[in-house]
Amino acid sequence: MAVAARSESNTPHGKRVVLIWIALSIALTPIAALVIGPLIPPGNDSAQGQAQTYDNQVLLGVSTPIMLFVLVVLGYTLIAFRARGATAEGVPVRGNARLQLLWLVITTAVVLGLAAFGSYELIKDGAGSGQGPNATFAPPQHDKAMDVQVIGQQWEFTYRYPTYGGLETPHLYLPANRLIRLHVTSLDAIHSFWAINLGVKADANPGTDNVVYVKTGHPVKINIRCAELCGLWHGYMFDEQGRVVAPSAFATWIKQQQQVYGPITKELPPYATTYSPEPTLRAG
């Protein structure tokens with residue numbers, strides 16, 4: 001009789017926990033996914049950034065009910081099952097095979113579902129970070145992409161445009177609504193090119209052509225940082241003067257750059273996917 005009474009007294013607790021969890025999930029999950037999710041960087045300034053923002057919304061939508069369930073169980077347990085007296089002992093906890101199986105099935109389904117979702121997003125939009133000279137996953141019509149080279153060096157990024165005679169500029173300008181193939185490399189230490197609001201990040205390694213794709217959107221300022229500790233002035237290695245501009249504005253800009261940097265371009269090494277500059281001083 002005592003066991004039966006204890007079982008009956010425990011039954012409402014499970015129902016209360018589930019009802020509280022469902023109510024909070026219905027109220028808070030849309031807020032997390034639809035209000036907070038879009039506020040997480042990188043934003044919608046490129047196709048890759050837009051896809052990452054959507055991924056954030058999906059992840060928040062999936063993780064919010066899970067987080068709420070853990071918090072509800074913890075909070076309810078602290079309140080409902082707290083010690084009532086100095087000599088009180090907790091109710092013996094026994095295993096529940098059905099509950100354990102249900103938990104295993106749900107968590108496995110969530111993990112596998114998110115893995116499948118992430119893989120699909122990676123294949124659909126192409127890799128968001130460099131994978132060497134041949135990206136494993138490339139976006140549609142990648143063979144028609146415009147090539148731009150990103151060169152990391154202590155302590156700045158410069159940019160070369162092979163379709164414009166290997167012109168090298170100190171700031172990154174890209175035409176709007178165009179698929180861009182970035183060739184990221186370095187002249188010295190390991191850097192990391194991070195165009196934050198475009199959703200692009202790729203390591204700049206010396207002797208390596210790290211290819212990454214980005215589909216630009218509307219005209220916008222590009223926020224660029226180095227995301228790899230590369231030396232004394234790493235913190236100053238950023239570029240906030242880059243722009244995504246309308247195609248006509250890009251054509252005007254590239255002509256201006258050719259006039260300004262054309263004479264310098266003639267003195268530069270021919271365009272190549274990687275460079276091995278000779279040291280100015282040698283030991284000995």
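User: Axes here are lines fitted to C-alpha atoms, for helices over the stretch in contact, and angles run from 0 to 180 degrees between N-to-C directions. With that in hand, at what angle does H4 run to E4?

Analyst: Bear in mind that this is a predicted model. H4 lies across two strands here, E4 and strand E10 (238-245). Relative to E4, its direction is about 140°.

User: And which strands stand at the edges of the sheet that E4 belongs to?

Analyst: That sheet is open and mixed, with its 5 strands in the order E4-E10-E9-E6-E7. The twist averages 20° from one strand to the next. An edge strand has a single partner, so one side of it is left without a neighbour in the sheet, and that fits strand E4 (173-175) and strand E7 (200-204).

User: Let's stay with E7. What is the bridge partner of Ala195 there?

Analyst: Strand E6 (residues 191-195) and E7 pair in the antiparallel sense, over 5 bridges. Ala195 sits in the E6 range, and its bridge partner in E7 is Val200.

User: On to the sheet with the order E3-E2-E1-E5-E8. What is the average twist from one strand to the next?

Analyst: This one is also an open sheet of 5 strands with mixed pairing. Its edges are strand E3 (167-169) and strand E8 (210-215), which each pair on one side only. From one strand to the next, the twist averages 30°.

User: Which residue in E2 is the bridge partner of Gln149?

Analyst: Look at strand E1 (residues 146-153) and strand E2 (residues 156-161), an antiparallel pair joined over 5 bridges. Gln149 falls in the E1 range, and across in E2 its partner is Arg160.

User: Is Gln257 buried or exposed?

Analyst: Gln257 is found in helix H4, and that helix (residues 247-265) lies across E1, E2 and E3. Leaving out residues up to four places away in sequence, Gln257 touches Leu167, Thr169 and Gly262. The cut-off for buried is under 20% relative accessible area. Gln257 comes in at 13%, so it counts as buried.

User: How far apart in space are Gln48 and Leu198, C-alpha to C-alpha?

Analyst: Gln48 lies in helix H2 (residues 47-80) and, at 5% relative accessibility, counts as buried. Gln48 and Leu198 are 150 residues apart in sequence, but in space their C-alpha atoms are separated by 6.8 Å.

User: What is the area of the nonpolar surface patch that includes Ile31?

Analyst: Ile31 lies in helix H1 (residues 2-36) and is partly exposed at 41% relative accessible area. Patch residues need over 30%, so Ile31 clears that cut-off. Together with Ile20, Leu24, Leu28, Leu34, Val35, Ile36 and Ile40, Ile31 makes a patch of about 650 Å².

Terms used. Residues are numbered from 1 along each chain as its sequence is written. This is a predicted model: local features need pLDDT of at least 70, side-chain atom pairs count only at pLDDT 80 or more; totals for chains, interfaces and linings use all residues. Side-chain values use heavy atoms; hydrogens and water are left out. Patches are made of residues with over 30% relative accessible area and no salt bridge: like charges are joined within 9 Å, nonpolar side chains (Val, Leu, Ile, Met, Phe, Trp, Tyr) within 5 Å. Accessible areas come from the Shrake-Rupley method with a 1.4 Å probe; for residues, only the protein chains shown count as cover. A salt bridge is a side-chain nitrogen of Lys or Arg within 4 Å of a carboxyl oxygen of Asp or Glu. Helices (H or I, at least four residues) and strands (E, at least two) are DSSP runs, numbered from the N terminus. Buried means under 20% relative accessible area, exposed over 50%, partly exposed in between (1.4 Å probe, protein chains only). Two strands pair if DSSP finds at least two bridges between them. Contact means heavy atoms within 4.5 Å.
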